[in-house]
Amino acid sequence: MKNTTLKILFLFLGTTLSAQKFTKEEKKLIQSGDAKTMMKVIQITDEKELKILKSVSTDVDTKDELLPVLAERMFLSMRDPANPGIGIAAPQVGINKNLIWVQRFDKEGEPFELYLNPKIVWRSALLRKGMEGCLSIPDIDGDVLRNYTIKLTYLDKNGKFHEEMIEGFTAVVFQHETDHLNGILFTDRMKEQEKMDVSKVSGEMNLFLEKKLRRQ
C-alpha cells in the first residue's frame with residue numbers, strides 16, 4: 001500500500017513538473033476565437049496537419065489562463081452538429097498538449113468529461129474488438145482491438161490527481177483519445193494488429209486474448 005501511494009505521488013509530481021506552457025503558435029490558434037467558437041478539426045489529408053496528428057504531445061499546465069478557452073472550444077468542435085463525436089484530443093484541433101474530452105457511457109446520463117494529462121498505467125490482457133472511426137480521418141472506419149479494462153491517472157480542471165479503473169466501450173474511447181496524445185491513429189493500430197495472434201474467449205463474440213490460455 002505504501003509503495004503504491006509513493007508511485008502515485010511520484011507520478012503526480014512528474015506530471016506537474018513536466019507541464020509546459022502553450023507555444024506562441026498554440027496561443028495564437030486558441031485565441032483565434034472566443035469560448036463560444038469551435039475550432040477546426042484537422043485532417044490526415046493535409047500534410048501539415050498530419051504532422052501535428054503524428055507528433056507526441058506534452059503535459060498541459062493546469063493553471064494556464066488559456067486552458068478554459070481551449071477546453072470549451074474543443075468541446076464545441078467535438079459536438080459539431082454537422083459531424084458530432086464522442087471524444088476529442090487537443091492534437092485534433094492543432095494543439096499538441098495532453099488534454100481530452102470523453103463521453104462517459106459508463107455513467108448515468110452519459111456525460112462528457114474533461115481530462116488533463118491522462119495516462120494509462122495498466123491494461124488488461126482481455127481484449128475487445130469493435131468498430132472505430134475518427135473526426136480527423138474522413139470516410140474510414142474499421143475494427144480495432146482494445147484492452148477491455150484500463151487504469152487511468154489524470155488531473156481534473158482544478159489540478160486534482162485521480163486514479164480510476166475503466167472498462168468496456170468507455171475504456172475504448174479513452175484508449176482512442178490517449179493514442180492521439182502519443183501521435184497514434186486508430187488506423188495505425190489496425191495495421192499493427194494485422195499479424196496479432198489472438199483467440200476468442202469461449203462464448204463471447206467480441207472478446208479476445210492475445211495468447212491462448214493453456215489448459216490446467
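## Starting at Glu163

Glu163 has a relative accessible area of 38%, so this residue is partly exposed (the class between buried, under 20%, and exposed, over 50%, with a 1.4 Å probe and protein chains only). This is a predicted model, in which local features need pLDDT of at least 70 and side-chain atom pairs pLDDT 80 or more, while totals for chains, interfaces and linings use all residues. Residues are numbered from 1 along each chain as its sequence is written, and side-chain values use heavy atoms, without hydrogens and water.

Glu163 has a salt-bridge partner in Lys151, with 4.0 Å between the closest N and O atoms (a salt bridge puts a side-chain nitrogen of Lys or Arg within 4 Å of a carboxyl oxygen of Asp or Glu). Because Lys151 lies in strand E6 and Glu163 in strand E7, the pair ties together parts that are twelve residues apart in sequence. Lys151, at 26% relative accessibility, is partly exposed too.

## The hairpin of E6 and E7

Let us look at the two strands themselves (strands, of at least two residues, and helices, H or I of at least four, are DSSP runs numbered from the N terminus). Seven bridges pair E6 with E7 in the antiparallel sense (pairing takes at least two DSSP bridges between two strands). Glu163 in E7 stands opposite Thr153. Five residues separate the two strands of this hairpin, and Gly159 in the turn has a positive phi of about 85 degrees.

## The whole sheet

The hairpin strands belong to an open sheet of five strands, paired antiparallel in the order E1-E2-E3-E6-E7. At its edges are E1 (87-89) and E7 (161-167), each of which pairs on one side only. On average, neighbouring strands are turned by 40 degrees against each other, direction ignored.

Two helices pack on this sheet. Helix H4 (residues 67-78) touches E1, E2 (99-103) and E3, and its direction makes about 40 degrees with that of E2. Helix H5 (residues 168-181) touches E1, E2, E3, E6 and E7, at about 160 degrees to the direction of E2. For these packings, contact means heavy atoms within 4.5 Å, and axes are lines fitted to C-alpha atoms (for helices over the stretch in contact), with angles from 0 to 180 degrees between N-to-C directions.

Further along the order, E3 and E6 (residues 149-155) run antiparallel and are joined by five bridges. Here Arg123 faces Ile150 of E6.

## More salt bridges

The structure holds 14 salt bridges. In one of them, the side chains of Glu26 and Lys97 meet at 2.9 Å, N to O. Glu26 sits in helix H2 (residues 24-30) and Lys97 in the loop between E1 and E2, so this pair ties together parts 71 residues apart in sequence. Glu26 counts as buried at 8% relative accessibility, and Lys97 counts as buried at 3%.

Lys40 and Glu49 form another salt bridge, with their closest N and O atoms 2.5 Å apart. Lys40 is exposed at 56% relative accessibility, whereas Glu49 is buried at 11%. There is also a network of salt bridges that links Arg104, Asp106, Lys107, Glu113 and Glu164.

## A nonpolar patch

Val121, Trp122 and Met165 form a nonpolar surface patch, together offering about 290 Å² of accessible area. Trp122 belongs to strand E3 (residues 112-123) and is partly exposed, at 40% relative accessible area. Patch residues have over 30% relative accessible area and no salt bridge; like charges are joined within 9 Å, nonpolar side chains (Val, Leu, Ile, Met, Phe, Trp, Tyr) within 5 Å. Areas come from the Shrake-Rupley method with a 1.4 Å probe, and for residues only the protein chains shown count as cover.
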